[in-house]
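Colleague: I have not looked at this one before, so could you walk me through it slowly?

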Amino acid sequence: MRLGERWVILGPNGSGKTTLLGIAGARLWPSGGLVEILGAQLGHVDVRTLRPRIALVSGSVTRQLRADLPARHVVVSGLYAALETWWHSYSEDDWLKADRLLEEAGVAAIAERPFGVISEGERQQVLLARALMGEPDLLLLDEPAAGLDLGARERLVGRLSTLAADPRSPTMVLVTHHCEEIPQKFTHAGLVRQGTFVAAGQLPDVVTSEMVSRCFDLPVSVGCDDGRWWSRAL
């Protein structure tokens, strides 16, 4: 993976996608081989200096956040990857940046609402804004559209497409089960099955009917219309 690339990782349940993100986020250790993240090799770097450069959007983050924390506070706390705002001090510019990120996500109206009562779609937008707050070098997204209705999913995919098109955005890795959740402007793909890459490379070369069928052990047809991918069983 190179600087500025946008990767999607596809694969069935239990194939190792989340484990892969855990290793990429310097939160899990590989059972063998060498792992290099942002130019640093695991085992030869202090992960306390590496982890702040990596942002994660995941259900595990949701479960750690206090439900009555206002959405705006959830976002600004991402500056230090903290779970509470009282752990650190924030400048007026920091709060303005948090407000701007919520506005860009289209959820500025919920800034003062408790994180635990906003909709699931709004929650994912807040988590993404929180991840961007610290201006990471690597952004990892673990099934961010899981459980979202059609409207919330499309709004999230649209937001990710906008980020992917922006050269100032960090390198991105998105894990999903569904071709329909691949944002526009993503460049590369990897197909994972039973802990092994079936294929990896340029997105159009990897997300094909043949390769996806092999990965999911099911005959499927895969296509792309106007930059959006789809799949269906044959």
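Modeller: Keep in mind that this is a predicted model. A helpful place to begin is helix H7, whose buried residues are covered by a set of elements that includes strand S1 (6–10), helix H5 (92–104), helix H6 (120–133), strand S5 (138–142), strand S6 (171–176) and strand S10 (228–233).

Colleague: Which residues of H7 are the buried ones?

Modeller: The buried residues of H7 are Ala 152, Leu 156, Val 157, Arg 159, Leu 160, Ser 161, Leu 163 and Ala 164.

Colleague: And how many residues does H7 have, and how far does it reach?

Modeller: H7 has 16 residues, and from its first C-alpha to its last it reaches 22 Å, which is close to the 22 Å expected at 1.5 Å a residue.

Colleague: What caps the N-terminal end of H7?

Modeller: That role falls to Asp 149, which has a side-chain oxygen 3.2 Å from the backbone nitrogen of Gly 151.

Colleague: Switching to empty space, how many cavities of 30 Å³ or more are there?

Modeller: The count comes to one cavity of 30 Å³ or more, and about 30 Å³ of space lies in the largest cavity.

Colleague: Which residues line the largest cavity?

Modeller: Its lining is made up of Pro 144, Ala 145, Leu 156, Val 157, Leu 160, Leu 174 and Glu 181. This takes us back to H7 (residues 150–165), since the largest share of that lining, three residues, comes from this helix. By character, the lining residues of the largest cavity divide into six nonpolar, no polar and one charged.

Colleague: What about open pockets, what volume does the largest pocket have?

Modeller: The largest pocket has a volume of about 530 Å³. It is lined by 20 residues, and those closest to its centre are Met 1, Ala 24, Glu 36, Leu 138 and Val 173.

Colleague: Which element gives the most to that lining?

Modeller: The most comes from H1, with three residues. At least two residues each are supplied by S1, helix H1 (17–24), strand S2 (36–37), S5, S6 and strand S8 (196–202). The lining of the largest pocket divides into 15 nonpolar residues, two polar and three charged.

Colleague: And the second largest pocket, what lines that?

Modeller: The second largest pocket holds about 440 Å³ of space, and it is lined by 19 residues, of which Arg 27, Ile 54, Ala 81, Ala 82 and Arg 130 lie nearest its centre. Two or more residues of this lining come from each of strand S4 (54–57), helix H3 (59–64) and H6, with S4 giving the largest share, three residues. Here the division is 13 nonpolar, three polar and three charged.

Colleague: One last topic, Glu 84: where does it lie, in a helix or in a loop?

Modeller: Glu 84 lies in the loop between helix H4 (71–76) and H5.

Colleague: Is that residue buried or exposed?

Modeller: Glu 84 counts as buried because its relative accessible area is 12%, where the cut-off for buried is under 20%.

Colleague: Which side chains does Glu 84 make polar contacts with?

Modeller: A polar contact of 2.7 Å joins the side chain of Glu 84 to that of Arg 66, and the side chain of Glu 84 also makes a polar contact of 3.4 Å with the side chain of Trp 86. Leaving aside residues up to four places away in sequence, Glu 84 touches Arg 66, Leu 69 and Tyr 90.

Key. Residues are numbered from 1 along each chain as its sequence is written. This is a predicted model: local features need pLDDT of at least 70, side-chain atom pairs count only at pLDDT 80 or more; totals for chains, interfaces and linings use all residues. Side-chain values use heavy atoms; hydrogens and water are left out. On a 1 Å grid over the protein atoms alone, a cavity is a set of points where a 1.4 Å probe fits but cannot get out, and a pocket is an open set with protein on both sides within 12 Å along at least five of seven lines; lining residues have an atom within 4 Å of a point. Grid points are joined across faces, edges and corners, and a volume is the space filled by probe spheres set on the points. Helices (H or I, at least four residues) and strands (E, at least two) are DSSP runs, numbered from the N terminus. Ala, Val, Leu, Ile, Met, Phe, Trp, Tyr, Cys and Pro count as nonpolar, Asp, Glu, Lys and Arg as charged, and the others, Gly among them, as polar. The expected span of a helix is 1.5 Å times one less than its number of residues. Buried means under 20% relative accessible area, exposed over 50%, partly exposed in between (1.4 Å probe, protein chains only). Contact means heavy atoms within 4.5 Å. A polar contact is a pair of N or O atoms within 3.5 Å; within protein, one must be able to donate a hydrogen and the other to accept it, and residues adjacent in sequence count only if both atoms are side-chain atoms.
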